[in-house]
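Grab a pencil and keep the viewer open. Below are some short exercises, each with a solution worked out step by step.

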Amino acid sequence: ATTFLELTEVSAVVSRAEDALLHGQEEIRLGWEDLHLSDYDVQQNQENLTVYYADRTFRYLIGKNIAVNTAAVGNIYTYLFEQLLLPPQDSGLLSPIPEGTQLLGISVRDGVCSVDLSADFVRNGPAGAVAQRCTLLAIVNTLTQLPDIDRVEFYQNNQLMTNYNALTLNASLEFDATVIGPVM
């Protein structure tokens with residue numbers, strides 16, 4: 001059909017089978033609007049990634065898979081961080097990012113992702129070490145699934161963070177499966 005529809009004088013292609021029905025009809029008429037054409041480039045750039053959101057108690061992270069066209073999103077690091085701000089509707093999951101937090105910068109060098117966040121990340125952070133750990137590891141676990149990121153370090157207004165409220169940050173953090181929660 002696509003070969004014939006390329007001709008300017010052809011607006012549709014009709015298929016018939018002698019003494020048989022096609023999907024219960026004597027003929028099938030196809031125009032451009034009837035065709036589903038896959039885009040090979042889109043399929044090549046499609047990647048399934050996991051974004052980790054907080055459960056209602058901020059004790060566990062629950063991963064949600066998303067399909068991402070990596071060629072269309074621009075900066076994949078920024079895109080994944082922005083996904084953390086938008087938990088799936090009707091899922092009971094929460095954004096692990098404190099209210100008002102802005103991403104000031106994000107970059108990767110030698111396997112370490114540097115995430116620079118506004119002061120609201122600390123100021124509006126959750127109470128308690130368990131919830132704070134959940135917040136940090138939601139970002140870490142989401143970003144470290146990318147092949148070029150092994151560890152994540154946190155900055156506040158371009159200054160390396162040495163603590164996050166109750167937690168001491170002595171080094172960059174790596175993926176930690178112990179915070180990934182049970183089935184909800």
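**Warm-up: one arginine**

R123 has a relative accessible area of 57%, so R123 counts as exposed (exposed means over 50% relative accessible area, buried under 20%, partly exposed in between, with a 1.4 Å probe and protein chains only). Before going on: this is a predicted model, where local features need pLDDT of at least 70, side-chain atom pairs count only at pLDDT 80 or more, and totals for chains, interfaces and linings use all residues. Residues are numbered from 1 along each chain as its sequence is written, and side-chain values use heavy atoms, with hydrogens and water left out.

**Exercise 1. Find the acidic partner of R123, then look at other salt bridges.**

Step 1. The side chain of R123 meets that of D120 in a salt bridge, 2.8 Å from N to O (a salt bridge is a side-chain nitrogen of Lys or Arg within 4 Å of a carboxyl oxygen of Asp or Glu).

Step 2. Both residues sit in helix α4, three residues apart, which is about one turn of the helix. Helices (H or I, at least four residues) and strands (E, at least two) are DSSP runs, numbered from the N terminus.

Step 3. The structure holds five salt bridges. Among them is E27 with R16, whose closest N and O atoms are 2.7 Å apart. That pair links distant parts of the chain: E27 belongs to strand β2 (residues 27–30) and R16 to strand β1 (residues 13–16), 11 residues apart.

Step 4. Now check exposure: E27 is partly exposed at 32% relative accessibility, while R16 is exposed at 61%.

**Exercise 2. Work out how strand β6 sits between its partners.**

Step 1. Start with β5 (residues 103–109), which pairs with β6 in the antiparallel sense over six bridges (two strands pair if DSSP finds at least two bridges between them). One register point to pin down is S107, whose bridge partner in β6 is S114.

Step 2. Look at the connection. β5 and β6 form a hairpin with two residues between them, and D110 in the turn has a positive phi of about 55°. D110 also makes a salt bridge with R109, at 3.9 Å from N to O, and both D110 and R109 are exposed.

Step 3. Go to the other partner. β6 pairs with strand β7 (residues 151–156) in the parallel sense, over six bridges. Here S114 stands opposite E153.

Step 4. Is β6 mostly covered or mostly open? Mostly covered: five of the six residues in β6 (residues 112–117) are buried.

**Exercise 3. Sort out the aromatic pairs.**

Step 1. Rings of Phe, Tyr and Trp (its six-membered ring) pair if their centres lie within 6.5 Å; planes under 30 degrees apart count as stacked, over 60 as edge-to-face and the rest as tilted. By this rule there are three aromatic pairs.

Step 2. Y52 and F175 have ring centres 6.4 Å apart and planes at 70°, so they are edge-to-face. Y52 lies in strand β3 (residues 46–54) and F175 in the segment after β11 (173–174), so this pair ties together parts that are 123 residues apart in sequence. Y52 is buried at 11% relative accessibility, whereas F175 is partly exposed at 37%.

Step 3. F121 and Y164 are stacked, at 4.6 Å centre to centre with 25° between the planes. F121 comes from helix α4 (residues 120–123) and Y164 from strand β9 (residues 163–164), 43 residues apart. Both are buried.

Step 4. Which residues make up the aromatic cluster with F121? F121, F154 and Y164 form one cluster.

**Exercise 4. Place V115 in the nonpolar core.**

Step 1. The largest nonpolar core has 40 residues (a nonpolar core is a set of buried Ala, Val, Leu, Ile, Met, Phe, Trp, Tyr and Cys residues joined through side-chain atoms within 4.5 Å). V115, F121 and F154 are among those with the most contacts inside it.

Step 2. Elements giving two or more residues to this core include β6, α4 and β7. The top contributor is α5, with eight residues.

Step 3. Leaving out residues up to four places away in sequence, V115 touches L103, G105, I106, L143, V152, E153, F154 and Y155 (contact means heavy atoms within 4.5 Å).
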